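Welcome! Open your viewer, get comfortable with rotating and selecting, and follow the stops below in order.

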Amino acid sequence: MRRCVYPGSFDPPTLGHLELIERGAPLFDELIVAVLRNPAKKNAFSVERRADMLRRMTAHLPNVRVETFSGLLADYAELTGACAVLRGLRSESDLAAELPMAQLNRMLNPRAETLMMITSPEVSHISSSAVREIASFGGDISALVPECLAAEIAAGLKKE
Ligand code: PNS
């Protein structure tokens, strides 16, 4: 079975993430969307809530599984027997950040190739941090996140 891991924080999941999942899933037998458990980082949504949101927005994709992981991505890829790690590239600055990560992950686990997929122009301006900022001020995020999650994400991020 050819398995790929798509790791991330997904805080919250966006239409950019969904695009990558929808384009990546047909390339493999199974795509595992892996949400990082990072107690050191203060996230807007709990890891369970993010995994639940990802499960709902990918319910139409039969070969997509959503899991959580902690520790090194290279170890998680080994544990799952993944032959690939998928990451999205929106810009040159994404590339600058992704390059060393891919090299380090390859050093730690040469059995998993990092594959970088260039996001489409329709979603390349979208980031979880922009969603958090816009929603925190009550702005409209409906064009940035999956429709089935928009109200929940907006309510979760709006400042009192
Ligand atoms: O969505 P993000 O925040 O860009 O995802 C970053 C992520 C989760 C892929 C990265 O932080 C990660 O893999 N963390 C796990 C720890 C690890 O393996 N670190 C070494 C990478 S060089």
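Before the first selection, one definition helps: a residue is called buried when its relative accessible area is under 20%, exposed when that value is over 50%, and partly exposed in between. Keep in mind, too, that you are looking at a predicted model.

**Stop 1: helix α1**

Select α1, residues 15-24. Seven of its ten residues are buried, so this helix is largely enclosed by the rest of the structure. Colour the buried ones to see them: Gly16, His17, Leu18, Glu19, Leu20, Ile21 and Gly24.

Now show the side chains of Glu19 and Arg23. They meet in a salt bridge, with 3.1 Å from N to O. Both residues belong to α1 and sit four residues apart, about one turn of the helix. Is Glu19 buried or exposed? Its relative accessibility is 13%, and the limit for buried is under 20%, so Glu19 counts as buried. Its partner Arg23, at 35%, counts as partly exposed.

Before leaving, look at the start of α1. There a side-chain oxygen of Thr14 comes to within 3.1 Å of the backbone nitrogen of Gly16.

**Stop 2: the loop between β1 and α1**

Step back to the loop that joins β1 (3-8) to α1. Select Phe10, which lies in this loop. Its phi is positive, about 50 degrees, although Phe10 is not a glycine. Most residues other than glycine have a negative phi, and most peptide bonds are trans. Phe10 is also buried, with a relative accessible area of 2%.

Next, display the backbone from Asp11 to Pro12. The peptide bond between them is cis, with omega near 0 degrees. Pro12 has its place in the loop between β1 and α1.

Keep Asp11 selected and add Arg50. What joins the side chains of Arg50 and Asp11? They meet in a salt bridge, 3.8 Å from N to O. This pair links distant parts of the chain: Arg50 is in helix α2 (residues 47-57), Asp11 is in the loop you are viewing, and 39 residues separate them. Both partners are buried, Arg50 with a relative accessible area of 2% and Asp11 at 5%.

**Stop 3: a network of charges**

Side chains of opposite charge can pair when their charged atoms come close. For an example with several members, select Arg3, Glu30, Arg65 and Glu67, which are linked in a network of salt bridges. Zoom in on Arg65 and Glu67: the closest N and O atoms of this salt bridge are 2.7 Å apart. Arg65 is partly exposed at 31% relative accessibility, and Glu67 is likewise partly exposed at 27%. Counting a side-chain nitrogen of Lys or Arg within 4 Å of a carboxyl oxygen of Asp or Glu, the structure has twelve salt bridges.

**Stop 4: the ligand**

Select the ligand and show what surrounds it. Which residues are around the ligand? They are Pro7, Gly8, Ser9, Leu36, Gly71, Leu72, Leu73, Arg87, Met101, Leu104 and Asn105.

Three contacts are worth showing with distance labels, each ending at an oxygen atom of the ligand:

- Ser9: an N or O atom in its side chain is 2.6 Å from a ligand oxygen.
- Leu73: a backbone N or O atom lies 2.8 Å from a ligand oxygen.
- Arg87: a polar side-chain atom lies 2.9 Å from a ligand oxygen.

On its own, the ligand has 550 Å² of accessible area, and the protein covers 70% of that.

**Stop 5: a nonpolar patch**

Keep Leu72 and Leu104, both among the residues around the ligand, and add Met107 and Leu108. Together these four make a nonpolar surface patch of about 400 Å². Leu72 is found in the loop between β3 (64-69) and α3 (73-80), and this residue is partly exposed, with a relative accessible area of 45%.

**Stop 6: helix α6**

Finish with α6, residues 150-157, and colour its buried residues: Ala150, Ile153 and Leu157. They cover an arc of only 70 degrees around the axis, which puts them on the same side of α6. Turn the helix around to find the exposed residues Ala151 and Ala155 on the face directed away from that buried side.

Key. Residues numbered from 1 in each chain as written. Predicted model: local features only at pLDDT ≥ 70, side-chain atom pairs only at ≥ 80, totals over all residues. Heavy atoms only, no water. Patch = residues over 30% accessible without salt bridge, like charges linked within 9 Å, V, L, I, M, F, W, Y side chains within 5 Å. Areas by Shrake-Rupley, 256 points an atom, 1.4 Å probe, with all protein chains shown as cover. Helix = DSSP H or I, 4+ residues; strand = E, 2+ residues; numbered from the N terminus. Buried < 20%, exposed > 50% of the residue type's maximum accessible area, 1.4 Å probe, protein only. Near = heavy atom within 4 Å. Polar contact = N/O pair within 3.5 Å; in protein donor to acceptor, adjacent residues only side chain to side chain. Arc of directions from axis to C-beta.
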